[in-house]
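Me: I would like a close look at a single part of this structure, set in the context of what surrounds it. Please give one connected account in formal terms.

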Amino acid sequence: QAMSIAEPVLPCGARMEEAAGTADNPPEATDAVVSIHPPELCISEYRLRFYNFNLANSSSFGSVAELQGPGGRGMFEAITNEPFADGHAVDLAFMTFVETRLALTDYVQALDRQQRTRAAPKAQLDVVVSQNAMKEVSKSKNDWGFRGLMEGLAASYNGNLKTMLAYSSRRFMEEEGAQVYGRLPESKVAGITVPNPKKAFTGRCVRALESPEGLRLCLAGAHFPVDNLAAKLEAFTDPVLGTKVALARTLRKVLRRACRKGLLDERTILLIQGDINSRTVLTLGGKHEPPAVADTLLELLGDEPLQAAIQEGLSVPPGCWREVVHYEVATALPVTYKFSEEVGRDFAEARTNINDWGCPVFPLDDVLQAAQSSGHTASSAASASPRPLPRPEHVDTYRRTLASVPPERLDGWGIHFKESGFRPFRFPSCADRVIYWAPLDLAVRTSWVFPHGGYEVNHFQGGSDHRPVSLEAILRVEPLGQEGPKDGDEERSSYRQVVAGVPVSVLREVCQSDGEESDGSIGT
């Protein structure tokens, strides 16, 4: 459930009700009364700010402080210091840095020293902590020796996954020991898995202090694998099914690891932010028709049997994966990848006219519409390039589509396109997202409000083939009913029936990594 305009917020225990009237004296349209209800019946609200940037191992930035703020407004410190667009203070800010060389520890320590020495009242977000995927590796006894050396070399070459969590101690408290980390490797050297680039997830849990049910948020930064998904885009099989099954495998790994750590229960929402590596999927349309457009993550979220397969056999309450910002169609998604390091010409010009609402939007539909309305065609040299191996006809649709967009339009957006040797997974996509898993009973009581309308992609910030993505979201959780949380038996039975309809081959592929735990050990 997603809304872009916040409803009036009343004090806890207060509720707007329609005023009574009679046939002779009807109430005015604006008449309303405020009635007081028990506190346990009020809706809990939490203002969360997300920031996500895949820096592609860039050395363009000397420190975190040099990065721009949400949507290009101000500088990085605005993420933790600025109020929401509706004027209310932020309760929690979660920042993910993928493939980064930036030192977060120094920035966090500087904030801590500032907090301790300032004479003014303490900051709204008075607790700041960071996580480093490489340091999480060193905590495991399985990572000593050659594996640890290879991980270190990979991180120095490909950058590292780091997160920063800032929250108000008046609203949240970190749960000691409630942390999760896992690898998502793609390649092997001498039989040992080596992330290249660094693929992992790492997170920690905080508990809402004023929540009657003890609501817990587990916030994890992630960089999901892309090699298998890229191969599915070029396979002779259905690319939509192939890519969403590949993504489902990764989500199952995350769930299995969180489950093994005992973090998933009826009161917990698992939030994943980072480079999810979702991709645009183009399939051939009819004669003289444009290609059909899909997005891997959207297709997966709408596939109930596949969602059931992701958690088949796991000791978790029946639940579901959702995206914080809901999209009905792939074409409405904002483009976050694949760009040149330089800011696009159109956005550089727009920078001089920036207002409080930040950077102009750039949805995927702009690319597709430009391709369909232009008379520009692919170069004959690229079209006639030799192909050593046969490949499906739909594979060339990606190159042809981008080649149909006038070069000046691509340059204006900052899209990186090299026609010769182009591969489908490099087509403009919405790769950087915020998703969450929640038990069904909690999910139906959860809704989101977006003061800035949803994702904000900052096209004013260059230095990477991704663009930073920010999100202001008000999490609203309705109270439990009088019967309390359901025991899940009915939902589990329903899920088992749904899973029964999943082809055995698909279920096998989703679960094929169950024998390999994401911390490097074997089995569960």
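The account below begins with one edge strand and proceeds outward to its surroundings.

Reply: The model is predicted, and strand β16, residues 319–323, is taken here as the part for close inspection. Four of the five residues of β16 are buried, so the strand is largely enclosed by the rest of the structure.

The partner of β16 is strand β17 (residues 432–439), and the two pair in the antiparallel sense over five bridges. Within this pairing, Trp-321 of the pair stands opposite Trp-437 in β17.

Glu-323 also lies in β16. Is Glu-323 buried or exposed? Its relative accessibility is 7%, and because the cut-off for burial is under 20%, Glu-323 counts as buried. The side chain of Glu-323 makes a polar contact, at 2.7 Å, with the side chain of Tyr-455. Beyond four places in sequence, Glu-323 touches Leu-297, Leu-298 and Leu-301, the residues Arg-433, Val-434, Ile-435 and Tyr-436, and also Tyr-455.

The sheet to which β16 belongs is open and has six strands in the order β8-β11-β12-β13-β17-β16, with mixed pairing. The edges are formed by β8 (172–183) and β16, each of which has a single partner strand, so one side of each is left without a neighbour in the sheet. On average, and with direction ignored, neighbouring strands of this sheet are turned by 20 degrees against each other. Elsewhere in the sheet, β11 (residues 200–208) and β12 (residues 216–223) pair in the antiparallel sense over eight bridges; Arg-204 stands opposite Leu-219 in β12. Helix α6 (residues 239–260) packs on this sheet and touches β16 together with β8, β11, β13 and β17. The direction of α6 makes about 135 degrees with that of β13.

The nonpolar interior can be considered next. The largest nonpolar core has 38 residues, and those with the most contacts inside it are Leu-217, Leu-271 and Val-324. Strand β20 (residues 469–477) supplies the largest share of this core, namely five residues. Leu-271 is in contact with Val-324 and Leu-217, and its further contacts beyond four places in sequence include Phe-50, Val-434, Ile-435, Tyr-436 and Trp-448. Apart from this core lies another, of 35 residues, among them Ala-220, Leu-255, Leu-297 and Leu-306.

Backbone geometry deserves separate mention. Most residues other than glycine have a negative phi, and most peptide bonds are trans. The loop between β16 and α9 (345–350) contains Lys-338, which is joined to Tyr-337 by a cis peptide bond with omega of about 25 degrees. Asn-277, in the loop between β13 (268–275) and β14 (280–283), has a positive phi of about 60 degrees although it is not a glycine; Asn-277 is buried, with a relative accessible area of 3%. Asn-57, in the loop between β4 (44–54) and α1 (78–81), has a positive phi near 60 degrees and is buried at a relative accessible area of 15%.

Finally, confidence should be weighed. The chain has a mean pLDDT of 82, and 75% of its residues reach 70 or more. Over residues 1–23 pLDDT stays under 50, and the model has 47 contacts beyond four places in sequence for that stretch. Over residues 153–157 pLDDT likewise stays under 50, with nine such contacts. Where pLDDT is low, the predicted coordinates should not be read in detail.

Definitions and conventions: Residues are numbered from 1 along each chain as its sequence is written. This is a predicted model: local features need pLDDT of at least 70, side-chain atom pairs count only at pLDDT 80 or more; totals for chains, interfaces and linings use all residues. Side-chain values use heavy atoms; hydrogens and water are left out. Buried means under 20% relative accessible area, exposed over 50%, partly exposed in between (1.4 Å probe, protein chains only). Two strands pair if DSSP finds at least two bridges between them. A polar contact is a pair of N or O atoms within 3.5 Å; within protein, one must be able to donate a hydrogen and the other to accept it, and residues adjacent in sequence count only if both atoms are side-chain atoms. Contact means heavy atoms within 4.5 Å. pLDDT is the predictor's confidence in each residue, from 0 to 100. A nonpolar core is a set of buried Ala, Val, Leu, Ile, Met, Phe, Trp, Tyr and Cys residues joined through side-chain atoms within 4.5 Å. Axes are lines fitted to C-alpha atoms, for helices over the stretch in contact, and angles run from 0 to 180 degrees between N-to-C directions.
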